[in-house]
Amino acid sequence: MSTAEHEPRASQSSTLGTAPALRPPPPLAKRLMLLFTVLTLAGLGVALSQRLGQASEEQAQFATAREEAAAAAGRAPEVEVVRPTTAAFAPLVVLQGTLEPVQAADLGFEVAGRVSRVDVALGEHVRAGQPLVSLDRASLGAQSAQSEAAIAVAQANVDMLRDRVTLLEGLVRSGASPERELTTARQQLAVAEAQLGQAMASRRQLATQSADHVLRAPFEGVVTRVPNGVGAVAGPGMTLVRVEDLSSLRLRTTVSQSELEALEVGATASIEGHEGVSGTIRSAVRSLDPQTRRAPVEVLVPNEGTHLVANALVRARVVVGTPRPALRLPATTRRPNGSILVIDAEGRVVARNVSAQSDVDGSWLVTDGLGTEDRVVLRPATAREGQIIVPVESQTAPADPPRAEL
């Protein structure tokens, strides 16, 4: 029985072992995590693919640029060049300095006082002797009255002593008075006359002081400085008014020994920037300063109509030789050391020293070392010596203006 009882149980157990076991469904948090993981992997894949594509594009651009640079390395650079134009050159001496008034005066009083009147305005044209500024004369009035009183007293004393001398002269002749009294009276008269002369001298001195209380123009000119108004106290020697004669101006400067030898007194000097305005060399001192080795030169420039400005810095040109042919180049072609760069037959850049001088318009006039067929580098900074270039005729170089009359 025991065997029979155990058989059904064994059969039941085998049946249960072959049936699949049922699992409970996963929770919601696990599902969301799984979805997030899938999406993250997908995003990383897209970013990686975009990065790979960008890197491929940059590599292609770099390869293209490298190919272009390699192609350019074997090609000579293009450089702008110009050809010189014909011109006329006259040897010049350039004078630079300040145009000073032909005469100027800083005016002040010899005595102290308070400014009571200003009779001129800034920029006014005045004539010689015209009153400019006056000082207060209140103190002079009292001094004048005192001086007149002193003269009156001295004159009365003189008159009285003269009458006494005349009287004593008659008494002495008649023997009624001693000679000693007449001598004393004459001495007293001489002292009184001296006192009268002193009083009159004081009056003349006071008149001179009165004249000193008025500033007058020493010459005809223009007022370039005046007091701001009345009431200010002026001390002796204090500059209150400046008068300048602008009818003519003078240019004072210095020149080297070679320039001095080329200049002559009476030669014409043309003022740059003022067409038709010129002056005359009035003096050229043939003596060099021991320190600077330069000689002083003065040019007198008429200023009718006051077209020129006094105390302005100007340049004047003096023609010192016969004009001769030259070649003109733009100012940009000149290097700091005075040389230029030219292109030889093989297209190579070569430095060349030339003899040149600046013209009125700023261009350079070359008198030696350059030919009409030479090609000159317009801007030396764009090329270097020994370099092979492709010369390109400049289309932007400034046109050469006509030479100004000197």
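Let me start with a pair of valines: valine 118 has valine 133 as its bridge partner in β6. That pairing belongs to a longer match, in which strand β4, residues 113-118, and strand β6, residues 131-135, run antiparallel and are joined over 3 bridges. I should say at once that what you have in front of you is a predicted model, and everything I describe is computed from that model.

If we step out from these two strands, we find that they sit inside an open sheet of 4 strands, with the order β7-β6-β4-β9 and antiparallel pairing. The edges of that sheet are β7, residues 214-216, and β9, residues 233-234, and because each of them has a single partner strand, one side of each is left without a neighbour in the sheet. As general background, strands of a sheet pair through backbone hydrogen bonds, in either a parallel or an antiparallel way.

Now for the chain as a whole. The protein chain contains 5 helices and 21 strands, and of its 406 residues, 29% count as buried. Taking contacts between residues at least 6 apart in sequence, 76% of them join residues that are at least 24 apart. The chain exposes about 25600 Å², of which carbon and sulfur atoms supply 54%.

There is another open sheet that I would like you to find, this one of 5 strands, in the order β17-β16-β20-β1-β21 and with mixed pairing. Its edges are β17, residues 349-352, and β21, residues 390-393; each has a single partner strand, so one side of each lacks a neighbour in the sheet. On average, and ignoring direction, neighbouring strands of this sheet are turned by 50° against each other. Within the sheet, β16 and strand β20, residues 375-377, pair in the antiparallel sense over 2 bridges, and valine 342 has valine 376 in β20 as its bridge partner.

Just ahead of β16 we come to serine 339, which lies in the loop between β15, residues 324-329, and β16, residues 340-343. Is this serine buried or exposed? Serine 339 counts as buried, because its relative accessibility is 2%, and the cut-off for buried is under 20%. Its side chain makes a polar contact of 2.7 Å with the side chain of asparagine 337, and, leaving out residues up to four places away in sequence, serine 339 touches Thr333, Arg334, Arg352 and Asn353.

From β15 we can follow a series of pairings. β15 runs antiparallel to strand β19, residues 364-368, with 3 bridges between them, and one of the matched pairs there is arginine 328 with leucine 365. β19 also pairs with strand β18, residues 355-358, again antiparallel, this time through 4 bridges. In β18 we find alanine 356, which stands opposite valine 366 in β19. Alanine 356 counts as partly exposed, at 36% relative accessibility, and beyond its neighbours up to four places away in sequence, alanine 356 touches Trp364, Leu365 and Val366. The C-alpha atoms of alanine 356 and arginine 334, which are 22 residues apart along the chain, are separated by 9.6 Å.

Let me turn to the interior. In soluble globular proteins, nonpolar side chains tend to be buried together. Here the largest nonpolar core has 23 residues, and those touching the most other members are Leu95, Leu99, Leu251, Leu263, Val297 and Val299. At least two residues of this core come from each of β3, β10, β11, β12, β13 and β14. A second, separate core has 17 residues, including Val120, Phe219, Val223 and Leu240. Going back to leucine 99, its contacts outside the four nearest places in sequence include Leu249, Leu251, Val301, Asn311 and Val314.

That brings me, lastly, to backbone angles. Most residues other than glycine have a negative phi. Which values of phi do we find at asparagine 311? Asparagine 311 has a phi near 65°, a positive value in a residue other than glycine; it is found in the loop between β13 and β14, and is partly exposed, with a relative accessible area of 47%. Arginine 293 also has a positive phi, near 60°, and its place is in the loop between β12 and β13. At 55% relative accessibility, arginine 293 counts as exposed.

Technical notes. Residues are numbered from 1 along each chain as its sequence is written. This is a predicted model: local features need pLDDT of at least 70, side-chain atom pairs count only at pLDDT 80 or more; totals for chains, interfaces and linings use all residues. Side-chain values use heavy atoms; hydrogens and water are left out. Buried means under 20% relative accessible area, exposed over 50%, partly exposed in between (1.4 Å probe, protein chains only). Contact means heavy atoms within 4.5 Å. Accessible areas come from the Shrake-Rupley method with a 1.4 Å probe; for residues, only the protein chains shown count as cover. A polar contact is a pair of N or O atoms within 3.5 Å; within protein, one must be able to donate a hydrogen and the other to accept it, and residues adjacent in sequence count only if both atoms are side-chain atoms. A nonpolar core is a set of buried Ala, Val, Leu, Ile, Met, Phe, Trp, Tyr and Cys residues joined through side-chain atoms within 4.5 Å. Two strands pair if DSSP finds at least two bridges between them. Axes are lines fitted to C-alpha atoms, for helices over the stretch in contact, and angles run from 0 to 180 degrees between N-to-C directions.
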